[in-house]
Amino acid sequence: MTDVLEVRNLYKRYGGLVATNGVNLSVRPGEMHAIIGPNGAGKTTLISQLQGMVRPDAGEIFIDGVNVTATPAHQRAGLGVARSFQIASLIPDFSVLDHAAFAVQAQLGHSFRFWRRADREEILLAPAREAVEAAGLGARMHSPARDLSHGERRQLELAIALAQRPKILLLDEPMAGMGKQDGQRMTQRLADLKGRYSMLLIEHDMAAVFSLADRLSVLVSGAIIKTGTADEIRNDPQVRAAYLGHG
Amino acid sequence: MADGASRPIRAALWPALVLIALLALAPALSIWLDDPFTVKIATRIVIFAIGAVALDLTLGYAGLVSLCQAAFFGVGGYVVGILAWHQANSEAVLAGWMGSSELALTLPLAFLVAGLFAAAVGAVSLRTGGPYFIMITLAFNQMLYYGAVALQKYGGDDGLQIINPLTLFGYDISNRYKFFYLALTMLLATVLLIDRLARSRFGVVLRAAAVNETRAIAVGVAPWPYRLVAFAITGALAGLAGALLAASQQFISPADMAWDRSGDFVVMTALGGVATVWGPIIGAAAFIFTELSLSSYMQHWQLPFGLIILAIVLLLRGGLAQLVDLARGAKKGGEAVHD
Ligand SMILES: Nc1ncnc2c1ncn2[C@@H]1O[C@H](COP(=O)(O)OP(=O)(O)OP(=O)(O)O)[C@@H](O)[C@H]1O
Ligand SMILES: [Mg+2]
């Protein structure tokens with residue numbers, strides 16, 4: 001079976017800094033693949049290249065076997081790539097439901113529909129509600145984004161990505177900055193989603209990552225130094241030296 | 001919001017309908033006061049309100065500051081003026097067609113031609129963003145302005161007088177009151193149209209991309225084509241308003257297309273409150289009254305009025321419409337949520 005995501009020899013340079021240094025990576029259907037790495041390792045830059053916001057200098061990206069390296073970001077979303085932002089990227093006036101409905105709308109083809117009220121289209125609202133519930137935000141359905149707490153904003157990021165009905169979820173530190181309790185709830189939510197979506201998960205919380213991921217890759221200074229199961233990563237001397245030792 | 005119940009006043013349609021109902025009383029007031037000037041002012045308010053409400057689609061909902069609105073307004077005016085001129089002079093416009101002073105034909109044409117101009121201007125301008133977009137639309141405004149000045153045949157700098165009586169479906173429309181209700185009907189249509197557009201999927205894209213383009217692209221929507229269509233609709237409606245102005249004063253001139261008039265439209269829209277359909281109507285009324293005060297006995301009001309407008313635009317980012325929100329204790333919006 002083809003991998004949902006395959007990355008070959010990806011490079012990205014910012015001036016003298018090599019943010020992505022020859023990355024090879026794959027996500028199998030239904031797999032949760034986690035990426036760990038210290039601050040500034042290039043995790044967000046990698047996700048942005050996979051989603052299309054950032055152009056790589058070299059290398060190739062395949063979604064379901066299709067080369068999307070030159071495909072613009074909005075078209076990649078149409079091919080099933082959804083990403084959540086490490087720094088929540090929302091629309092303050094839009095309610096939680098509005099955000100999810102917008103994501104559903106975007107998946108239903110063009111938006112040159114001028115007459116019907118979008119906020120009454122059940123074809124948008126039903127899947128949107130479902131995504132919001134799945135992200136655990138059901139109680140805040142009609143709250144505008146500007147009224148949400150930090151943790152709720154992270155949940156909304158997940159809800160939007162789910163509403164896109166993605167082939168692959170790229171989650172950039174979904175529990176960053178959350179309190180312990182909220183973080184645990186988010187971990188549980190991701191565990192519930194596991195197997196239903198192919199996921200690339202970036203996360204700092206080691207306990208969460210080791211319990212969730214099928215495979216892990218360790219990214220240091222833009223390069224993947226090791227990919228393997230939780231046990232293989234935990235016991236790898238190179239990883240311990242380069243990363244776990246510091247953390 | 002799934003239900004309209006908790007929708008804030010700012011986004012509601014009914015205040016616009018109330019304002020239009022109030023405006024509809026202007027002819028009665030004019031007769032009662034025995035002052036024909038009243039209905040003339042009301043007509044001007046209605047015409048500029050059409051341009052301002054239309055601009056709100058681009059400015060308020062799509063978040064794009066265009067300084068080309070007056071040019072499209074003028075294009076519409078010239079369509080009506082030039083076609084009437086050809087009829088009066090029995091000279092073919094093209095392929096033996098002698099022009100027309102029938103508004104049932106020339107108003108839709110003005111709408112279409114201005115829309116096409118706007119589509120062309122938008123196709124170039126929308127490749128840029130922010131301050132560049134403002135500058136490029138301004139440049140296009142000046143280009144079209146000088147284009148009108150260069151129309152020597154149609155009066156050039158002096159403008160174009162419409163000498164033959166204009167008709168609507170064959171009936172003379174030179175009666176002030178009849179014409180007022182024609183313009184008011186167009187305002188009503190504009191308000192209903194913009195309100196529908198703003199709430200449709202199309203409007204959702206405009207509103208989302210105005211605040212957070214990155215998010216729109218991430219979920220799969222490239223805003224460019226939607227912005228272009230919004231810009232063209234705004235320009236087409238400006239053309240309709242300009243056509244009505246030309247018809248109401250039997251005259252159109254390059255002065256109606258000057259760049260500061262484009263700035264006036266932005267002020268009208270921002271003054272009343274962007275992203276509402278009723279704010280720009282109030283803005284247009286306030287603007288026309290200011291214009292009066294500048295040109296008549298109320299001259300000493302000039303400075304205070306200017307300062308009031310400045311204060312409103314600077315302090316209330318939501319325009320006068322935000323006063324309603326503040327009075328109702330609603331929270332104010334604005335900056336994107338980036339934590
Ligand atoms: N647009 C840019 N221009 C220049 N340098 C950049 C840019 N984006 C990222 N970088 C640099 O690239 C490196 C990788 O950044 P990135 O945000 O991908 O790291 P990260 O692993 O996501 O870090 P964190 O754990 O803090 O989120 C950093 O040194 C960063 O400063
Ligand atoms: Mg990061």
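**Exercise 1. Find the polar contacts of ligand 1.**
Task: In this predicted model, which atom of A:Gly42 is 3.0 Å from an oxygen atom of ligand 1, and what do the side chains of A:Asn39 and A:Lys43 add?

Solution:
- Step 1. Start at A:Gly42, where a polar backbone atom is 3.0 Å from an oxygen atom of ligand 1.
- Step 2. Turn to A:Lys43: an N or O atom in its side chain is 2.8 Å from a ligand oxygen.
- Step 3. Then look at A:Asn39, which places a polar side-chain atom 3.0 Å from an oxygen atom of ligand 1.
- Step 4. Now consider cover: ligand 1 exposes 630 Å² when taken alone, and the protein buries 60% of that.

**Exercise 2. Describe the shell around ligand 1.**
Task: Work out which residues come nearest to ligand 1, and which elements supply the shell.

Solution:
- Step 1. There are 13 residues around ligand 1, and A:Gly40, A:Lys43, A:Thr44, A:Thr45 and A:Gln86 come nearest.
- Step 2. In chain A, strand E2 (17-27) and helix H1 (43-51) each give the shell at least two residues.
- Step 3. The largest share, 3 residues, belongs to H1(A).
- Step 4. Sorted by class, the shell holds 7 polar, 4 nonpolar and 2 charged residues.

**Exercise 3. Move to chain B.**
Task: Name the residues that make a nonpolar surface patch here, and place B:Leu25 along the chain.

Solution:
- Step 1. B:Trp14, B:Val18, B:Leu22 and B:Leu25 make a nonpolar surface patch of about 430 Å².
- Step 2. B:Leu25 sits in the loop that lies between helix H1 (14-23) and helix H2 (26-33) of chain B.

How values were computed. Residues are numbered from 1 along each chain as its sequence is written. Chains are lettered from A and ligands numbered from 1 in the order in which they are written. This is a predicted model: local features need pLDDT of at least 70, side-chain atom pairs count only at pLDDT 80 or more; totals for chains, interfaces and linings use all residues. Side-chain values use heavy atoms; hydrogens and water are left out. Patches are made of residues with over 30% relative accessible area and no salt bridge: like charges are joined within 9 Å, nonpolar side chains (Val, Leu, Ile, Met, Phe, Trp, Tyr) within 5 Å. Accessible areas come from the Shrake-Rupley method with a 1.4 Å probe; for residues, only the protein chains shown count as cover. A salt bridge is a side-chain nitrogen of Lys or Arg within 4 Å of a carboxyl oxygen of Asp or Glu. Helices (H or I, at least four residues) and strands (E, at least two) are DSSP runs, numbered from the N terminus. A residue is near a molecule or strand if one of its heavy atoms lies within 4 Å of it. A polar contact is a pair of N or O atoms within 3.5 Å; within protein, one must be able to donate a hydrogen and the other to accept it, and residues adjacent in sequence count only if both atoms are side-chain atoms. Ala, Val, Leu, Ile, Met, Phe, Trp, Tyr, Cys and Pro count as nonpolar, Asp, Glu, Lys and Arg as charged, and the others, Gly among them, as polar.
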